[in-house]
Amino acid sequence: MNRGQTLFTKRANWAVPYVVFLAIFVLIPIILIVIYAFADADDKFTLANFRKFMLHPEAVNTFVYSVGIAITTTLACILLGYPAAYILSRNSFAASRATVLLFILPMWINILIRTLATVALFDFLNVPLGEGALVFGMVYNFLPFMIYPIYNTLRKMDYSLVEAARDLGANPASVFARVVLPLSMPGVASGIMMVFMPTISTFAIAELLTMNNIKLFGTTIQENINNGMWNYGAALSLIMLLLIGVTGLISSDSGNGKEGGIL
Amino acid sequence: MRKSEYIIRVKNVSKVYGDKTVLNQVSLDVRKGEFVTILGPSGCGKTTLLRLIAGFQPATSGEISIAGNNVTQTPPHRRPVNTVFQRYALFPHLNVYNNIAFGLKLKKLSSVVIAGKVKQALRMVGMTGYEYRDVDSLSGGQQQRVAIARAIVNEPEVLLLDEPLAALDLKMRKDMQMELREMHKSLGITFVYVTHDQEEALTLSDRIIVMSEGRIQQEGTPIDIYNEPSNAFVADFIGESNILDGIMLRDRLVSFAGYEFECVDEGFGENAPVDVVIRPEDLYIFEPSEATQFTGIVSSCIFKGVHYEMMVQTPGGYEFMVQNYHPFETGREAGLLVKPADIHVMRKERVCNTFEARSVDETHVEFLGTVFEVRPLDDIRNRKSFRVEIDFDKIILHDNEEDGQLTGEVCFILYKGNHYHLTVSTDSDEDIFADTSDVWDNGDRVGITIPPAAIRVKPLTCGANE
C-alpha cells in the first residue's frame, strides 16, 4: 500500500543490513588496503612498497616459507583426511554420524585455547617446539575442515555408480581410482580452500608453537602494521590476498563449483 | 555336455535380510540366447534375484552358476554379465564416449579397438554422433541408450536389465521395447529382464517367471502364462481376470456364481473347492436368448479404445467383467455365455486358515503368538499341540488396530466376484487369509479378531482333508 510497507515485505530488502555491514567492514577496508599499498607516507602514488618487498630477501623468504608450510599442511590434511572421510562415509548412518561428530568436536573449542593446550602438552612430553610442532599444530587445527567437505561429497555420491563400475569389470582399486576419487574431487577442492586460506595467513599458531622462532608471512604483516609501517603492511596484505584469490579460482575451477562445501 | 545349454543356473537360492526372507528357495535355469523376464509386484524379490546373479549381494544359501562355473562367491567384476540399471547409473564425470569405453579400458584394449567398438555400440543404440556429449545433457531415453551401449559393448554372456524402462514415458517405453527386442535378436546374447509391467513382459519375453513374496509362482511362455495361469495370484497379476470360488462337482462339471457349467478340466475329484478364472474377453455378452447361460444387469460400461469394458451384476450378487466390441447400455439386462475351454479351473492353495496351536487351559489355545478363547476342549484335553482351522469368512478385521486380538497389514487383495480375499501379514510374519465384502487397501494396518466359535480344533497328525 505505502512505500514503508513494501520496504519490509520485499524479500530482497532484508539483505540490506548485511550489505551495509559488508560495505563498512569488508569492502571499505579492502579498498583502503589497495590505496595504502600504492601510496607513500605522503599519500602520493608509488610502487615503492612492492619494490621494497621484492628487494628484501628476508620478506620474500618468509613469504615462500609460509606458502611452503601452507602447502605441506594442506597435503597432510588431504592424506589424513581423505581416508578418514572415506571410512566414515562407508559406515552405517547412525554410527558414522556419531563418529563425524567426534571428528568435528575439536572445532567447538577456540583455536587459541587448543593451540595453548598443544604447547602445554608438547612441553609435558618434552617435544621440542619448532617447524615439526608448527605443522602438527596446523594439521591438528585444520583437519576437520578437510574431512567434512570430502565426507559430504562421498556421502551424497550415488552408490549405484560404484556398482556399475564393479559390474563393468573394475576391481576395488579401479573403482576407487576411476569413480570414487574423481567424483569426490569437488569435496577435496573445497577442503583445500578451507585449509590453505587460513594456514597461509595465520600467525598465532606459529608464534605459540615455535616460541616466536619461526616467522610466517602473517607475522611479518602484523609486525609491520604494529610498527606503524601501514603502507608496506598494506602492500604485503595485498600480495597475500592475491595468492588466496588465485587458490580459490584454481580449486573452484577443478571442482566445477557444483558439489561440496561445508554444510 | 548338455550343461552348456543353460547359461545361468540358480539352485535353491535364499536371501534373508535380518529376519525377513526376501527370496525363498528359488531355482531357475536360463537357456543360452533366451529372453527371460522376471515379473512380479514391487517387493516380490525380483530385483534381489537379479542383484544376486550380478553379484552385488551374496546369497544366504544356495548356488548360482553362470556359463558352467559356480559364481556364488565370485565378486561382480569377475562375472561374465553386465547390468543395465533402472536409474542408468552413468558416470557423471565422463562423457558418453568414456562411459561406454569404461569396461573396455579396464580390459586394456588398444585405443583403436576401443574407438571402433564404442562407435559400433553407439550405432546399435541409435546414438551415433553423441560421443563427446556430457551425459547430464541427455534426455532420460538417451541416457538409457548410453547405459545399454555401455553394457553391450563388453560383449557379456548375459545382459541383466533391472526395470530399464521404468523411468521413461509411455511412448518412449513402447519404442524402446521394440528396440530391445531387435537388439536381443541381432546380438544373440541372453537377456534377463526384470519388470513389474506385465504387458512389457508379455511383449518382450521368450519366457516369463512370475514371482511373488520371494517365490516363483509360475514360469512359462507368455501365451502359457496368460492362458493357463497356475494360481489365482498369477491370473490376477497377468491381464484382467474374473476370479471366483467354485466347486468342481465332478469331472468336467464346475459350479460357481450359483450356476453349473461344463468345462474341460478333470481329475479334481468330486465336490472339490477350486478357484475359477475367466478372462473378460472370453465372456460373450448379448441380448438374453436361448444360448444364454446366465443373465445379469450391466452396471457400468467404459470405452477402452478398442473394446468396451462392462461390469455385469448377476441376480445372485456376483460381478463379472466383460470385454466386447459392442457396448451395452448401463441398466440393461444382458445374457452371458462362456465356452467350456475358456473356464480355467485351479486347485485352491488352501480352503481355510490352518495353524499349529498349543493348549493353555480348557478354554484357551495359543497360536500366532496370541492366546485365543475357544469352545471347551473335550477330546484333546491331554494333548499339548494340535492344529486349528478357521474359515476365511469368520476372521473379523477392524479399522482400529487396538480393537483386534492381534494386528497385521493387508498385503494382497483378490476380488472374487462378490467378496474380497485378503492376505493379511501378521506382525509375527505369518499370513492370515480373510474373506470380506469391505473394501481395504494394500498396506492398511488392521486389527484381527477370531471369535471362539470359529476356531475348529483338529489333531495334528490327521491328513489334510477334514
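Here is a short chat about how some labels in this predicted model are earned.

User: Why is K52(A) said to sit over the ring of Y232(A)?

Analyst: Two tests apply: NZ of Lys must be within 6 Å of the ring centre and within 35 degrees of the ring normal. K52(A) lies at 4.1 Å from the ring centre of Y232(A) and over its face, so the label fits.

User: What makes R279(B) count as sitting over a ring?

Analyst: For Arg the atom is CZ, with a limit of 6 Å from the ring centre. R279(B) is at 4.1 Å from the centre of the Y226(B) ring, over the face, so R279(B) qualifies.

User: Why are F256(B), Y259(B), F261(B), F294(B) and F320(B) called an aromatic cluster?

Analyst: Phe and Tyr rings pair if their centres lie within 6.5 Å. By that rule these residues, F256(B), Y259(B), F261(B), F294(B) and F320(B), form one cluster.

User: How many aromatic pairs does the rule give over all chains?

Analyst: The count comes to 31.

User: What does "buried" mean for chain B, and what share of its residues earns the word?

Analyst: A residue is buried if its relative accessible area is under 20%. Of the 466 residues in chain B, 50% count as buried.

User: How do you know that contacts in chain B link positions far along the sequence?

Analyst: Contact means heavy atoms within 4.5 Å. Taking the contacts in chain B with a separation of 6 or more, 65% join residues 24 or more positions apart.

User: Which helices and strands does chain B have, in numbers?

Analyst: Chain B comes to 8 helices and 30 strands.

Methods. Residues are numbered from 1 along each chain as its sequence is written. Chains are lettered from A and ligands numbered from 1 in the order in which they are written. This is a predicted model: local features need pLDDT of at least 70, side-chain atom pairs count only at pLDDT 80 or more; totals for chains, interfaces and linings use all residues. Side-chain values use heavy atoms; hydrogens and water are left out. Helices (H or I, at least four residues) and strands (E, at least two) are DSSP runs, numbered from the N terminus. Buried means under 20% relative accessible area, exposed over 50%, partly exposed in between (1.4 Å probe, protein chains only). Rings of Phe, Tyr and Trp (its six-membered ring) pair if their centres lie within 6.5 Å; planes under 30 degrees apart count as stacked, over 60 as edge-to-face and the rest as tilted.
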